[in-house]
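Q: I would like a close look at a single part of this model, followed by an account of how that part sits within the whole.

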Amino acid sequence: RRQNKLNEAIKQLASVLSIAQRNSLESDYVKTANLLALAYTFLADFDKALALHFSCLALNDKPGREEDLSITLNNIGLVYFKLTEIEEALKYYRQSLDVKKKHGIVFDLDRLYINMALCYNRLGEFSDAESVIRESLATCGGNCSQELKLEAKFALGLSQFGRGMLTEAEETLLQSIELSRKVGSL
């Protein structure tokens, strides 16, 4: 999947998913279903992605599965964001954040905040976007990955642009482009 061979990944993941289901390996099923749903998301097959994510949601909504629950909620938010149903995406992102905060889960908290910032930007709630961008950067305490810095700069640039701060937005977005070149995602 990370090599952008999504169709091959889907075949492999579907095979593993059926094995996990047949053998009642719930944890393996959830992890595989989440990966498969992400592959469907990136191929814009949103119906299949949501069906898998909601099956995981039902399995993860129990004690001891909070981290998986927060991941599934975040992934559902991503699908709705891709569908441009921004309010619905933000609803699931907020639920994921609530689970993470309640249970002290830090896995992907930084990215969750960036996802929320992108939603706030789409809704024109730029101060909220900038607030969660700061939260995102605070999670790594100055040791943020280049990828996270890139995503934060991009989201901040969009917010500045939305506020009409064109000079600042240009500078920030150019910084995100430079970071993108450094991490090889451009």
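Which residue follows α4, and is its phi positive or negative?

A: The model is predicted, and the description below should be read in that light. The residue that follows α4 is Thr84, and its phi is positive, near 60°.

The helix that precedes Thr84 can be described by its length and its burial. α4 contains 17 residues, and the distance from its first C-alpha to its last is 24 Å, close to the 24 Å expected at 1.5 Å a residue. Of these 17 residues, 13 are buried, so α4 is largely enclosed by the rest of the structure.

One of the helices with which α4 is associated is α2. The cover over the buried residues of α2 includes α4 (66-82), together with α1 (6-22) and α3 (46-60). α2 itself spans residues 26-42; it has 17 residues and reaches 24 Å between its end C-alpha atoms, close to the 24 Å expected at 1.5 Å a residue. Its buried residues are Tyr29, Val30, Thr32, Ala33, Asn34, Leu36, Ala37, Leu38, Ala39, Tyr40 and Thr41. After α2 comes Ala44, which has a positive phi, near 65°.

Charged side chains add a further link in this part of the chain. Glu26, Lys31, Lys62, Arg65 and Asp68 are joined in a network of salt bridges. Glu26 and Lys31 fall within α2, which covers residues 26-42, and Asp68 falls within α4, which covers residues 66-82. In general, side chains of opposite charge can pair when their charged atoms come close.

The structure as a whole holds nine salt bridges. One of them is formed by the side chains of Glu88 and Lys91, at 3.1 Å from N to O. Both residues belong to helix α5 (residues 86-103) and are three residues apart, about one turn of the helix. An α-helix has 3.6 residues a turn, so residues three or four places apart point the same way. Glu88 is partly exposed, with a relative accessible area of 25%, and Lys91 is likewise partly exposed, at 36%.

A pair with a similar spacing is found in α9, where Glu178 and Arg181 lie three residues apart, about one turn of the helix. Their side chains meet in a salt bridge of 3.9 Å, N to O. Glu178 is partly exposed, with a relative accessible area of 40%, whereas Arg181 counts as exposed at 54%.

Another salt bridge brings together the side chains of Arg163 and Glu130, at 2.9 Å from N to O. Arg163 lies in the loop between α8 (146-162) and α9 (166-183), and Glu130 lies in helix α7 (residues 126-139), so the pair ties together parts that are 33 residues apart in sequence. Arg163 is partly exposed, at 39% relative accessibility, while Glu130 is buried, with a relative accessible area of 15%.

The cysteines supply a covalent link. A disulfide joins Cys140 to Cys144, with the sulfur atoms 1.7 Å apart, and the count of disulfides comes to one. The angle about the S-S bond is 65°, and the link of Cys140 and Cys144 is right-handed. Cys140 and Cys144 are both buried. Cys119 is in no disulfide; the nearest cysteine sulfur, that of Cys140, is 20 Å away. Cys119 is buried, with a relative accessible area of 0%, and Cys56 is also buried, with a relative accessible area of 0%.

These parts belong to a protein with nine helices and zero strands. From the N terminus on, its elements run α-α-α-α-α-α-α-α-α. For 186 residues, a compact globule would have a radius of gyration near 16 Å, and the 17 Å of the protein agrees with this. Along the principal axes, the C-alpha atoms fill a box of roughly 55 × 35 × 30 Å.

Across the protein, buried residues make up 44% of the 186 residues. Among contacts with a separation of 6 or more, residues 24 or more positions apart account for 51%. The protein exposes about 10,200 Å², of which carbon and sulfur atoms supply 51%. Within this setting, α4 is a helix with 13 of its 17 residues buried, and it is followed by Thr84 with its positive phi.

Terms used:
Residues numbered from 1 in each chain as written. Predicted model: local features only at pLDDT ≥ 70, side-chain atom pairs only at ≥ 80, totals over all residues. Heavy atoms only, no water. Helix = DSSP H or I, 4+ residues; strand = E, 2+ residues; numbered from the N terminus. Expected span 1.5 Å × (residues − 1). Buried < 20%, exposed > 50% of the residue type's maximum accessible area, 1.4 Å probe, protein only. Contact = heavy atoms within 4.5 Å. Salt bridge = Lys/Arg side-chain N within 4 Å of Asp/Glu carboxyl O. Rg over C-alpha atoms; globule rule 2.2 N^0.38 Å. Areas by Shrake-Rupley, 256 points an atom, 1.4 Å probe, with all protein chains shown as cover. Disulfide = S-S within 2.5 Å.
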